[in-house]
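Reader: Hi! Could you walk me through this one? I'd like to start broad and then jump around a bit.

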Amino acid sequence: MVLKKNLWGLFFFFFWGTVFSQWEQLERTNEIFIEYAFVDTHKMHFGEMPDSYLSYNEVLNREDEYNSLLDTLTVTEEKSEKFSVNFLNINSEYSDYAPSFYEGELVFASSRNVNSVSKSFDEVSNQPFLDLYTTVKKSDKERIRKLKGSINTKFHESSAVFSKDKKTVYFTRNNYSKRKSKTNIEGSVLLKIYRARYVEGKWKDIEELPFSSDDYSIAHPTLSPDGRFLYFASDMPGSFGKSDIYVVEINEDGSFGIPENLGDRINTSGRETFPFISDKGKLFFASDGHQGLGGLDIFMTLFNDNETEVYNLGEPINSSEDDFTFIINEEHKIGFFASNRKGGKGDDDIYGFRQLVSFPEYHKRKLKTIKRIDRIIDIKPNEDGVTSF
């Protein structure tokens, strides 16, 4: 499917040239990284609401909501010391990944061809293009349906994240205009982030973010808990590797600041992609540039003694294959991720999990800090010129 080791599917990072910044730029991006992401995140822009502000019933209802979602979707469960990993009933024979929490349900990207006779197919994967779907536990007739509105098109849509008030969504889509895909000078179709509003029960008013470009890709958005900062992956000029993680401030009027690179403590000469900011303010991301178990692995960042440390989540979250699009609600210790590991139903499958050991315990157990390494990855060009993440 989309995430084969040498093909890397449509939604991994793409544009295979490494761009190195000057030393002044490196120092500045490191400072921005520390300022934006990890210095006293609870008191700064992550906006986490303390439990003391929630009533006892609200806490219980939230816990029931997350547990109910995972239990409803679970087919099988395997336990380890740190996690119990659940295989889900929403997986298809096609590609399913990029889960996101929304209104007690799970929104995800899938290339399943549901009720669509005229659905277009990707020439590379020979699968339908990706659309955004949501689980539906309140309906007896349907368990999964497409997001309502004009988000889904005949091209790829993926990686959705929703604002705190549930009225705004940011998502990834192919760069296209007038219902035709647009290519850069190298003939590659790039990726852009779009924003949509929830109006009268449907997603409408779709707009491209202003720092998107026809010359490079931006994709895979995630929001800080208070919605003030948008994180994403890009290969824009100034990136350290094939794709880097960036952050941009969202102003009160909905406009944006200037995107900032998170620096070389996070970004490597490889790919860093699919960022996620948890409700506790931790950054999780997928990478093949930090030392891992194989393919893309999922990493976590901790800020200790004024230094940013990157940790591999290890097995069973990571495997010898590609593991990516990790999300978690740390308060309730429940999350989801995608993998193309053996034993799945399709090319990429979504897994749920319960966290059995807290992340501070990871640190106490002296997990090794993952140092940056350089990898040489043989990339095969796509026949249709579509850029991959």
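Author: Happy to; what follows is a chat about the fold, some salt bridges, a few single residues and one pocket, all in a predicted model.

Reader: Great. How many helices and strands are in the chain?
Author: The chain has three helices and 23 strands.

Reader: And what share of the residues is buried?
Author: Of the 389 residues in the chain, 58% are buried. As for contacts with a separation of 6 or more, 57% of them are between residues 24 or more positions apart.

Reader: Let's do salt bridges. How many does the structure hold?
Author: There are 12 salt bridges in the structure. In general, side chains of opposite charge can pair when their charged atoms come close.

Reader: Pick one. What does R112 pair with?
Author: R112 pairs with D96, and their closest N and O atoms are 2.7 Å apart. D96 is in strand β3 (residues 96-102) and R112 is in the loop between β4 (105-110) and β5, so the salt bridge ties together parts that are 16 residues apart in sequence.

Reader: Are those two buried or exposed?
Author: Both R112 and D96 are buried.

Reader: What about R195, which residue is its partner?
Author: R195 forms a salt bridge with E207, with 2.9 Å between the closest N and O atoms. This pair links strand β11 (residues 191-199), where R195 sits, to strand β12 (residues 202-208), which holds E207; the two residues are 12 residues apart.

Reader: Why does R195 count as buried, and why is E207 put down as partly exposed?
Author: R195 has a relative accessible area of 7%, and buried means under 20%, so R195 falls in that class. E207 has a relative accessible area of 33%, which lies between the 20% and 50% cut-offs, so E207 is partly exposed.

Reader: Nice. Where do K282 and E330 lie?
Author: K282 and E330 meet through their side chains in a salt bridge, 3.0 Å from N to O. K282 is in the loop between β17 (272-277) and β18 (283-287), while E330 is in the loop between β21 (323-329) and β22 (334-339), so the pair ties together parts that are 48 residues apart in sequence. K282 is buried at 15% relative accessible area, and E330 also counts as buried at 9%. Elsewhere, K192, E208 and D214 are joined into one network by salt bridges that share partners.

Reader: Changing topic: where is D297, and is it buried or exposed?
Author: D297 is in strand β19 (residues 297-304). D297 is buried, with a relative accessible area of 0%.

Reader: So what does the side chain of D297 make a polar contact with?
Author: One partner is the side chain of N312, at 2.9 Å. In addition, a polar atom of the D297 side chain lies 2.6 Å from the backbone nitrogen of L293.

Reader: Which residues does D297 touch, leaving out those up to four places away in sequence?
Author: D297 touches F285, A286, S287, G292, N312, N318, S319, E321 and D323. N312 is thus both on that list and the polar partner mentioned a moment ago.

Reader: Over to N67. Where is its place?
Author: N67 is in helix α2 (residues 56-73). Not counting residues up to four places away in sequence, N67 touches I334 and R354. With R354, there is a polar contact of 3.0 Å between the side chains. I334 is 267 residues from N67 along the chain, and their C-alpha atoms are separated by 7.5 Å.

Reader: And E81, is that one buried or exposed?
Author: E81 is exposed, with a relative accessible area of 53%. E81 is found in the loop between β1 (74-79) and β2 (83-88). The C-alpha atoms of E81 and P316 are separated by 9.3 Å, with their positions 235 residues apart along the chain.

Reader: Last one, the second largest pocket. How many residues line it, and which lie nearest its centre?
Author: The second largest pocket is lined by 15 residues, and Y102, E103, T134, R145 and Y198 lie nearest its centre. The elements giving two or more residues to that lining are β5 (131-135) and β6 (144-146).

Reader: What is the volume of the second largest pocket, and what is its lining like by class?
Author: The volume of the second largest pocket is about 350 Å³. Its lining has seven charged, five nonpolar and three polar residues.

Notes: Residues are numbered from 1 along each chain as its sequence is written. This is a predicted model: local features need pLDDT of at least 70, side-chain atom pairs count only at pLDDT 80 or more; totals for chains, interfaces and linings use all residues. Side-chain values use heavy atoms; hydrogens and water are left out. Helices (H or I, at least four residues) and strands (E, at least two) are DSSP runs, numbered from the N terminus. Buried means under 20% relative accessible area, exposed over 50%, partly exposed in between (1.4 Å probe, protein chains only). On a 1 Å grid over the protein atoms alone, a cavity is a set of points where a 1.4 Å probe fits but cannot get out, and a pocket is an open set with protein on both sides within 12 Å along at least five of seven lines; lining residues have an atom within 4 Å of a point. Grid points are joined across faces, edges and corners, and a volume is the space filled by probe spheres set on the points. Ala, Val, Leu, Ile, Met, Phe, Trp, Tyr, Cys and Pro count as nonpolar, Asp, Glu, Lys and Arg as charged, and the others, Gly among them, as polar. A salt bridge is a side-chain nitrogen of Lys or Arg within 4 Å of a carboxyl oxygen of Asp or Glu. A polar contact is a pair of N or O atoms within 3.5 Å; within protein, one must be able to donate a hydrogen and the other to accept it, and residues adjacent in sequence count only if both atoms are side-chain atoms. Contact means heavy atoms within 4.5 Å.
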